[in-house]
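Visitor: I have a structure open and I don't know where to start. Can you walk me through it?
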Amino acid sequence: MCFYTDFIRQLLTSCCLYPSALEMQVSSVNNVKIYNLSHGKSLPEWLSDRKKRDLQKKDVEIQRRIELIQDFEMPTVSTSIRVSRDGQYILATGTYKPRVRCYDTYQLSLKFERCLESDVVAFDILSEDYSKLVFLHIDRYVQFHSQHGYYYKTRIPKFGRDFSYHYPSCELYFVGASSEVVRLNLEQGRFLNSLQTDAVEINVCDINPVHQLFAAGTLEGKVDCWDPRVRNRVGVLDCALSSITDGTEVEGLPSISALKFNGSLGMAVGTSTGQVLVYDLRSSHPLLVKDHYYGLPIKSLHFHNQLDLVLSADSKILKMWNKDNGKVFSFIEPHAGINDVCLYPGSGMLFTANEDPKMNTFYIPALGPAPRWCSFLDSLTEELEENPESTIYDDYKFVTRKDLENLGLVHLIGSPLLRAYMHGFFMDIRLYHKVKTMVNPFAYEEYRKDKIRQKIEESRAQRVQLKKLPKVNKALAMKLMEESELPIKKKKKKGNDTANLLTDDRFKVMFENPDYQVDEQSEEFRLLNPIVSDMDKKRRQKLSQLVEQEEQQDEEEEEEEGRGSSDDEDSSDDEKSWVQEVREQRRLLRAEGHERVITQRKERKQQDRETSLQSFDPVRQQQEEPQNQSQPRFYQIKAGEEFRSFGDVVNKKKMQKTSLEERLQRDERSGMVNLSDAAVGSKQLTFSLKKTEQQQFRQHAEREHYEERRKIRRSAEHLHSHRRGRGGGRGRGRGRRPY
């Protein structure tokens with residue numbers, strides 16, 4: 001181990017003279033340099049030592065990587081990480097299989113590894129070094145380890161989530177899936193009376209290092225504070241209500257997920273919805289509420305008192321911000337999810353346990369110097385700052401989604417070949433050039449021609465300049481050029497501020513893109529610009545001359561001296577003449593529309609005349625067309641069809657004599673509406689009248705009313721008499737004839 005340590009230190013010290021010999025990921029956020037010392041390839045554990053040595057000799061990337069601490073990783077995932085109070089040992093837990101590893105910083109290597117029976121929820125170091133360790137397991141067991149290894153284990157009543165150690169009384173406080181705080185006295189070796197809270201469950205806890213105040217964060221978003229001397233609750237903070245501000249969006253009730261004391265009066269509370277609240281214990285209201293804007297639970301909180309910073313981390317990002325005003329100092333966003341963060345005391349180095357085998361080591365010189373056991377990092381980073389290398393994104397090309405559609409690479413979204421960033425993606429520059437060449441093989445030739453054209457234009461700029469008009473909107477460009485040449489007095493009189501439109505980049509596309517060409521024959525343009533002044537007529541003549549000059553110049557590839565511009569004229573028209581011109585333009589537009597309608601009617605009539613009734617068979621028609629072009633054609637009407645063009649004349653005359661009401665009733669009964677005849681036959685439209693819901697409802701109500709009246713109607717048959725009335729006999733005076 002000593003040989004390995006000396007070798008690593010000599011290697012890193014020698015590399016300070018040649019910093020390019022090392023591969024180190026450097027990022028800068030808010031002008032704060034962050035060095036990732038764990039960047040680079042890692043060798044698999046199942047490789048033999050001989051194969052590892054062979055790879056280190058052959059692979060250049062493995063040779064250039066920085067392995068600050070040997071085997072600083074876990075088989076699958078690392079869950080927690082701590083540094084001993086003497087600063088010599090770094091302990092980390094992970095899986096799979098569940099284990100704890102201890103690293104000696106003085107030797108820069110692994111000191112020991114112990115496998116455990118179940119996963120570790122939380123652990124703590126009770127001594128100055130690694131000789132006294134406590135592990136809280138996922139199966140309610142609490143294990144104690146000494147310097148030689150496993151020492152003792154016991155079981156708590158409920159599943160635990162966190163614990164804290166009270167040094168004056170040698171008591172462990174366990175919190176978890178219950179309302180009680182379990183107390184275990186290590187001096188007496190027995191459980192003591194639990195602390196009863198009003199919460200349903202308790203997530204985290206912490207003990208103030210100054211006055212030993214015990215605080216527990218509950219599932220309901222409250223923090224209960226207890227005095228261990230009298231075992232009474234001394235205060236309650238409602239953090240869930242205080243975490244909701246004007247710009248905060250939360251989903252569900254914010255519960256407490258992290259808790260950390262700072263000195264005697266400071267405290268930071270992290271919620272499950274991504275907010276961090278900074279408190280002064282003398283007040284029930286937070287001094288500051290900081291939102292991570294990810295909606296993820298806060299997993300770790302640390303204070304950096306030298307710079308008055310708070311380090312808060314969720315599973316996605318680690319943020320460093322000022323505890324007084326919340327201004328962001330810097331942040332770190334690893335490629336794997338964060339489980340725990342440990343800040344090495346008195347330095348600018350921090351460690352993270354991730355959802356990844358490798359545990360990250362970050363060095364931030366702005367937070368403090370490097371630890372004593374790796375002091376060579378200071379000189380190494382100074383050399384890197386004096387000789388800056390290419391940034392991490394130099395080998396990548398930033399492309400938008402539209403660029404990917406043009407290249408045909410939309411299917412790569414979500415794959416490792418594209419890394420999402422802001423409104424686009426980063427992709428390998430080699431892949432970009434390869435696809436670009438395949439999509440547009442003549443891109444280099446076009447680029448070469450453009451460069452040659454630019455060089456020629458730069459050389460021509462030194463000669464006598466002609467008035468060169470753009471390719472689009474030449475008339476408008478000439479008008480702007482003439483207005484820009486007006487004297488200052490006339491400019492003020494006219495109040496024009498259009499002199500810089502040709503040179504303004506915001507309007508550059510208007511003179512380059514053909515889509516912006518002004519259509520002077522359109523209806524809108526003619527109504528908005530009705531008057532064509534003499535100046536405009538002269539300008540058009542001049543424009544045609546300039547176009548001819550440009551064509552001659554392109555053909556002969558020579559330059560001619562430009563002519564002086566004509567005198568400026570002020571075309572100020574009266575309002576009356578403008579109104580008359582607008583009316584004239586509208587009259588012309590109406591006349592054009594009327595002519596267009598007449599032309600359409602003539603075309604429609606011509607089509608009707610050319611329409612012929614025939615049993616159409618396209619195959620047969622194509623075969624018979626060349627033979628029967630000079631012979632007359634006879635067509636047969638299909639069976640079931642009637643030719644009623646001339647037979648209906650009499651019926652139509654009769655219908656014209658009837659009233660409109662009778663015609664409508666007849667059409668409604670037959671369900672037919674006859675339209676006017678065309679040149680070759682009549683057209684009929686068959687339809688059924690559909691009644692609205694209101695009409696149907698009214699008709700149904702009338703039918704029911706009629707049926708009801710019919711049922712209650714009284715019959716008058718009993719009033720019928722067989723006798724004849726007056727005068728029913730055969731003669732006066734004659735009696736009734738008996739039956």
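Guide: Let's start with a term: a disulfide is a pair of cysteine sulfur atoms within 2.5 Å. Keep in mind that the model is a predicted one.

Visitor: OK, how many disulfides does the structure hold?

Guide: The count is zero.

Visitor: Why is there no bond between Cys225 and Cys239?

Guide: Cys239 holds the cysteine sulfur closest to that of Cys225, but the two are 8.8 Å apart, which is too far for a bond.

Visitor: Is Cys225 buried or exposed?

Guide: Cys225 has a relative accessible area of 7%, so it is buried. Another cysteine, Cys374, is also buried, because its relative accessibility is 0%.

Visitor: Let's zoom out. How many helices and strands are in the protein chain?

Guide: The protein chain has 17 helices and 34 strands.

Visitor: And what share of the residues is buried?

Guide: Of the 739 residues in the protein chain, 34% are buried. The chain exposes about 50000 Å², and 49% of that comes from carbon and sulfur atoms.

Visitor: Which residues in the largest nonpolar core touch the most other members?

Guide: That core has 26 residues, and the ones touching the most other members are Leu68, Ile81, Met349, Phe351, Trp373 and Leu377. At least two core residues come from each of β3 (77-83), β4 (89-95), β28 (349-354) and α5 (376-386).

Visitor: Take Met349. What does Met349 touch?

Guide: Leaving out residues up to four places away in sequence, its contacts include Leu37, Leu68, Tyr363, Pro371, Trp373 and Leu377. Cys374, the buried cysteine from before, is also touched by Met349.

Visitor: What about a second core, how many residues is that?

Guide: The second core is separate and has 15 residues, among them Ile332, Leu343, Phe362 and Ile364. Leu343 and Phe362 are also among the residues that Met349 touches.

Visitor: Now sheets. What holds strands together in general?

Guide: Strands of a sheet pair through backbone hydrogen bonds, either parallel or antiparallel.

Visitor: β3 and β4 came up in the core. Which order do the strands have in their sheet?

Guide: The order is β3-β4-β5-β6, an open sheet of four strands with antiparallel pairing. The edges are β3 and β6 (109-115); each has a single partner strand, so one side of each lacks a neighbour in the sheet. On average, neighbouring strands are turned by 20° against each other, direction ignored.

Visitor: How many bridges join β4 to β5?

Guide: Six bridges join β4 to β5 (residues 99-104), and the two run antiparallel. One facing pair is Gly94 and Arg99, the latter in β5.

Visitor: Which strands form the open sheet that includes β15?

Guide: That one is made of four strands in the order β15-β16-β17-β18, with antiparallel pairing. β15 (202-207) and β18 (232-238) are the edge strands, each pairing on one side only. From one strand to the next, the twist averages 20°.

Visitor: How many bridges are there between β15 and β16?

Guide: There are five bridges, and β16 (residues 214-218) pairs with β15 in the antiparallel sense. Ile207 stands opposite Phe214, which lies in β16.

Visitor: Last one, a loop. Where is Pro416?

Guide: Pro416 is in the loop between α6 (401-407) and β31 (418-421). Its relative accessibility is 84%, so Pro416 counts as exposed.

Visitor: What separates the C-alpha atoms of Pro416 and Met427?

Guide: The C-alpha atoms are 9.2 Å apart, while the two residues are 11 residues apart along the chain.

Key. Residues numbered from 1 in each chain as written. Predicted model: local features only at pLDDT ≥ 70, side-chain atom pairs only at ≥ 80, totals over all residues. Heavy atoms only, no water. Pairing = 2+ DSSP bridges. Axes fitted to C-alpha atoms, helices over the stretch in contact; angles between N-to-C directions. Buried < 20%, exposed > 50% of the residue type's maximum accessible area, 1.4 Å probe, protein only. Areas by Shrake-Rupley, 256 points an atom, 1.4 Å probe, with all protein chains shown as cover. Core = buried A, V, L, I, M, F, W, Y, C linked by side-chain atoms within 4.5 Å. Contact = heavy atoms within 4.5 Å.
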